[in-house]
Amino acid sequence: MKQICVIGVGYVGLVTAACFSDLGNRVIALDISEERIEGLKRNEMPIYEPGLEELVDRNVSAGRLSFTTSYPEAMEKTEFAFIAVGTPSGVDGEADLRHVAAVARTIAEYMRTPLIIINKSTVPVGTGDWLAEIVSSNQARPVPFSVVSCPEFLREGSAISDFMNPHRTVLGSLDPEAAEKVAQLHLPLRAPIMLTDLRTAEMIKYASNAFLATKISFINEIANICEELGADIKEVSVGMGYDKRIGPFFLDAGLGYGGSCFPKDVKALAYMAADKGRHPQLLNAVMDINNDRRPMVVSRLKEMIGELDGCTIGLLGLSFKPNTDDMRDSPSVDVAKSLQEQGAKVRAFDPVAMKVAAPLLPGVEMTPDPYSMAEGCDAVLVITDWNEFKHLDLERIRDLMKQPVLFDGRNIYEPEKLRSLGFNYRGFGRGYNDHMLDAEFEQDVVVAPA
Ligand code: UDX
């Protein structure tokens, strides 16, 4: 049984703490927010993550997991200190490292025994070295320590299973002995462990997220072309995905990426490149394509129903993706705001995010279920691909609406089915299906000039 302390009880920190305790370690999770820690002591989760409450409860009851706001208590016997605090975007897109710096200074102040400091927060390449400098220059008296980078690859909504079944563990350090000790902690997970240097580990995290974001913007660009040429993006993704070099994942066209990671990490990587005089043209294009998705939904809707002034529009889903109540950089906020600016009334339903969303969406009426949301609507927009939306009673929705218009921002429905139910339906990149309605569409062939 190892003694571990985890600093920061957000998504990453809390899941890391709960999972390491479940693997049999003694874990103290620390946060400077009294409110969060007091809540956790009453088994109230600060975030919605499936399975987390049970996991925390089980390990607290077994005496392996506890919560504190006190650094002296957390640092007393610990051999490993995981840093999992936020690294929000600064003014120019750079990662804001204030929280990481504050944690490093406080660790330095309270550490009494040799310590391995493991950074889980997504930080610019080179931060590990900077962190080591902060710790050594703030120690009251010298105590040996090492810094290891161990980036997280947890998806919200499936974070526990991602932690317990990782594709890989990446460990970066200039101290092989420390990296080996951290590797031991991860052995029960039975995944490949890659040992590398600090900067390379930090880059692996950014490059992975940027690549996934690129896949999404790529497929969204192909969806735009599909719309013009009469091809169906859903089928195109399936056809591409069978190629093992491409793979079937992250090829869902729609409203694009949001959340706490992709937008900030792509921006930060582009910033790092530009800061060194490089021109990150691919990353810039990835961001541009993603930024275009949100206004595009509103313009598509106007093509379908005309001016929005005086209309009532319903939003199905508010969170940036299913199985989370996270509203950070969720497309719903921009879409709702744009609809309201154009004079529409907006109503919404989300299975778990309405409480978190309400303060971010002034004037948006939250409804108790999808059916009351649809009542009297001139159009409904699918914003989040929650599974439960795939099995709604669509005939009931149709009958409740003022006019049966549905724009599917996540392509969760089949166009033929919706049209057979009498909906005026459109999605992203469903070219053939959309053009079937358009008598003037000609299947002309565009030939590249010789
Ligand atoms: C992501 C990474 O997956 C994870 O490894 C990292 O550590 C943190 O960031 P997360 O932000 O939880 O995780 O969300 P993810 O499931 O990756 O989805 C990100 C966004 O991309 C969502 O907005 C989702 O709707 C969108 N997306 C995803 C698409 O638009 N199309 C896809 O095919 C896949």
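This report walks through some helix packing, two nonpolar cores and a few individual residues in a predicted model.

## Helix H13 and its buried face

Let's start with H13, the helix that covers residues 331-341. Its buried residues are Pro-331, Ser-332, Val-335, Ala-336, Ser-338 and Leu-339. Look down the axis of H13 and these buried residues fall within an arc of 165 degrees, so they line one face of the helix.

What do the buried residues of H13 pack against? Their partners are helix H12 (281-305) along with three strands: E9 (312-316), E10 (345-349) and E12 (379-382). After H13 comes Gly-343, and its phi is positive, near 90 degrees.

## How H12 meets H13

The axes of H12 and H13 come within 9 Å and cross at roughly 40 degrees. Angles from 35 degrees up to 65 fall in the oblique class, and H12 and H13 are therefore oblique to each other. The crossing of H12 past H13 is right-handed.

On the H12 side, the residues that make the contact are Arg-294, Val-298 and Leu-301. They meet Pro-331, Asp-334, Val-335, Ser-338 and Leu-339 of H13. Pro-331, Val-335, Ser-338 and Leu-339 are also on the list of buried H13 residues.

## Two nonpolar cores

The largest nonpolar core has 51 residues. Which of them touch the most other members? They are Ile-305, Ile-313, Leu-315, Leu-339, Leu-381, Tyr-413 and Phe-423. H12 gives the most to this core, with six residues.

Take Leu-381 as a way into this region. Leaving aside neighbours within four places in sequence, Leu-381 is in contact with Val-297, Leu-301, Ile-313, Gly-314, Leu-315, Leu-316, Val-335, Leu-339 and Phe-407. Apart from the core that Leu-381 belongs to, there is another one, of 37 residues, which includes Val-15, Ala-18, Leu-52 and Leu-154.

## H9 against H12, with a look at Asn-220

H12 also packs with H9, the helix of residues 198-229. Their axes come within 9 Å and cross at roughly 50 degrees, and H9 and H12 are therefore oblique to each other. H9 passes H12 in a left-handed crossing. From H9, the residues that meet H12 include Ala-210, Ala-213, Thr-214, Ser-217 and Asn-220. Among the H12 residues on the other side are Leu-282, Val-286, Ile-289, Arg-293 and Arg-300.

Is Asn-220, a residue of H9, buried or exposed? Asn-220 is buried, with a relative accessible area of 0%. Skipping neighbours within four places in sequence, Asn-220 is in contact with Ala-253, Gly-254, Gly-256, Ile-289 and Arg-293.

## H6 against H9

H9 has a contact with H6 (residues 127-138) as well. Here the helices pack at an angle of about 125 degrees, with their axes 8 Å apart, and H6 and H9 are therefore oblique to each other. Thr-127, Gly-128 and Asp-129 of H6 make the contact with Leu-198, Arg-199 and Glu-202 of H9.

## Thr-169 in strand E7

Last stop: Thr-169, which sits in strand E7 (residues 169-173). At 6% relative accessibility, Thr-169 counts as buried. Not counting residues up to four places away in sequence, Thr-169 touches Cys-150, His-186, Pro-192, Ile-193 and Met-194. Thr-169 and Gly-376 are 207 residues apart in sequence, and C-alpha to C-alpha they are 51 Å apart in space.

How values were computed
Residues numbered from 1 in each chain as written. Predicted model: local features only at pLDDT ≥ 70, side-chain atom pairs only at ≥ 80, totals over all residues. Heavy atoms only, no water. Buried < 20%, exposed > 50% of the residue type's maximum accessible area, 1.4 Å probe, protein only. Helix = DSSP H or I, 4+ residues; strand = E, 2+ residues; numbered from the N terminus. Arc of directions from axis to C-beta. Contact = heavy atoms within 4.5 Å. Core = buried A, V, L, I, M, F, W, Y, C linked by side-chain atoms within 4.5 Å. Axes fitted to C-alpha atoms, helices over the stretch in contact; angles between N-to-C directions. Parallel < 35°, antiparallel > 145°, perpendicular 65-115°, else oblique. Left-handed = near helix turned anticlockwise from the far one by under 90°.
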